[in-house]
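Good morning, everyone. I'll put the structure up now, and then we'll walk through it.

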Amino acid sequence: FGLNQVQTKTDQKTVEQTKSTQTQNSKYIQVGSFSQEPDKKLFEKLKKNNYQYQTKEIKKGDTIVTKVIVGPISEANINKELEKIKQNVAPSAFISK
């Protein structure tokens, strides 16, 4: 697929929850970006902390990068959730554009 195409993997439960909660003011937090299979411990931490997450595969040159994002999160709560994620899941997490 082309450079700007994105392939998304997620489970059906997350898709349904995302559709019902997504608003125009929602944002996402990126908790990781991987050129190989993401660490299963990351997914365990996300589930343990009850975060909805998605993986997105993006092709960069000859490499496929898998991004792990949490959300959608309302704009009003994004900074509070980012701090929680940094403390409990991924210290290098950031708000995704």
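Leaving aside its neighbours within four places in sequence, which residues is Ser74 in contact with? Asn25 and Ser26. One thing before we go further: this is a predicted model.

Stay with Ser74 for a moment. Ser74 sits in strand β4. Its partner in space, Ser26, is 48 residues away along the chain, yet the two C-alpha atoms are separated by 4.4 Å. Ser74 is partly exposed, with a relative accessible area of 31%.

Now the pairing around β4. Strand β4 covers residues 63-74, and β2 covers 26-34. β2 and β4 run antiparallel, joined by seven bridges. One pair to look for: Phe34 has Thr66 in β4 as its bridge partner.

β4 also pairs with β3, again in the antiparallel sense, over eight bridges. Two positions to find on screen. Tyr53 has Val70 in β4 as its bridge partner. Lys59 stands opposite Ile64 in β4. The hairpin of β3 and β4 has two residues between the strands. In that hairpin, Gly61 takes a positive phi near 65 degrees.

Next, Val65. Val65 is in strand β4 too. Is Val65 buried or exposed? Val65 counts as buried, at 12% relative accessibility, because the cut-off for buried is under 20%. What does Val65 touch, not counting residues up to four places away in sequence? The list is Ser33, Phe34, Lys56, Glu57, Ile58 and Lys60. Also, the C-alpha atoms of Val65 and Gln36 are separated by 7.4 Å, with these positions 29 residues apart along the chain.

One more stop on β4. Pro72 lies in this strand. The peptide bond joining Gly71 and Pro72 is cis, with omega at about 10 degrees. As background, most peptide bonds are trans.

On to helix α2, residues 40-48. Which residues of α2 are buried? Leu42, Phe43 and Leu46. They cover an arc of only 95 degrees around the axis, so they fall on the same side of α2. The other side has exposed residues: Lys40, Lys41, Glu44 and Lys48. What covers the buried residues? The cover includes β2, β3 and β4.

Look at the two ends of this helix. At the N-terminal end, Asp39 is the cap. A side-chain oxygen of Asp39 lies 3.1 Å from the backbone nitrogen of Lys41. Just after α2 comes Asn50. Asn50 is in the loop between α2 and β3. Asn50 is not a glycine, but has a positive phi of about 60 degrees. For context, most residues other than glycine have a negative phi. Asn50 is exposed, with a relative accessible area of 70%.

Now the core. How many residues does the largest nonpolar core have? It has 16. Those with the most contacts inside the core are Ile29, Val31, Leu46, Val70, Ile85, Val89 and Ala93. Where do core residues come from? β2, α2, β4 and α3 each supply at least two.

Take Val31 as a way in. Leaving aside neighbours within four places in sequence, Val31 is in contact with Leu42, Leu46, Val68, Val70, Ile85, Ala90 and Ala93. Leu42 and Leu46 are names we just met, among the buried residues of α2.

Last stop, helix α3, residues 78-88. How many salt bridges does the count come to? One. The side chains of Lys84 and Glu81 meet in it, at 3.5 Å, N to O. Both residues lie in α3, three residues apart, about one turn of the helix. Their accessibility is worth a look. Lys84 counts as partly exposed, at 37% relative accessibility. Glu81 counts as buried, at 15%.

To recap. β4 pairs with β2 over seven bridges and with β3 over eight. Helix α2 has its buried residues on the same side. And the one salt bridge counted is between Lys84 and Glu81. That's the tour. Over to you for discussion.

Terms used
Residues numbered from 1 in each chain as written. Predicted model: local features only at pLDDT ≥ 70, side-chain atom pairs only at ≥ 80, totals over all residues. Heavy atoms only, no water. Buried < 20%, exposed > 50% of the residue type's maximum accessible area, 1.4 Å probe, protein only. Helix = DSSP H or I, 4+ residues; strand = E, 2+ residues; numbered from the N terminus. Arc of directions from axis to C-beta. Contact = heavy atoms within 4.5 Å. Polar contact = N/O pair within 3.5 Å; in protein donor to acceptor, adjacent residues only side chain to side chain. Pairing = 2+ DSSP bridges. Core = buried A, V, L, I, M, F, W, Y, C linked by side-chain atoms within 4.5 Å. Salt bridge = Lys/Arg side-chain N within 4 Å of Asp/Glu carboxyl O.
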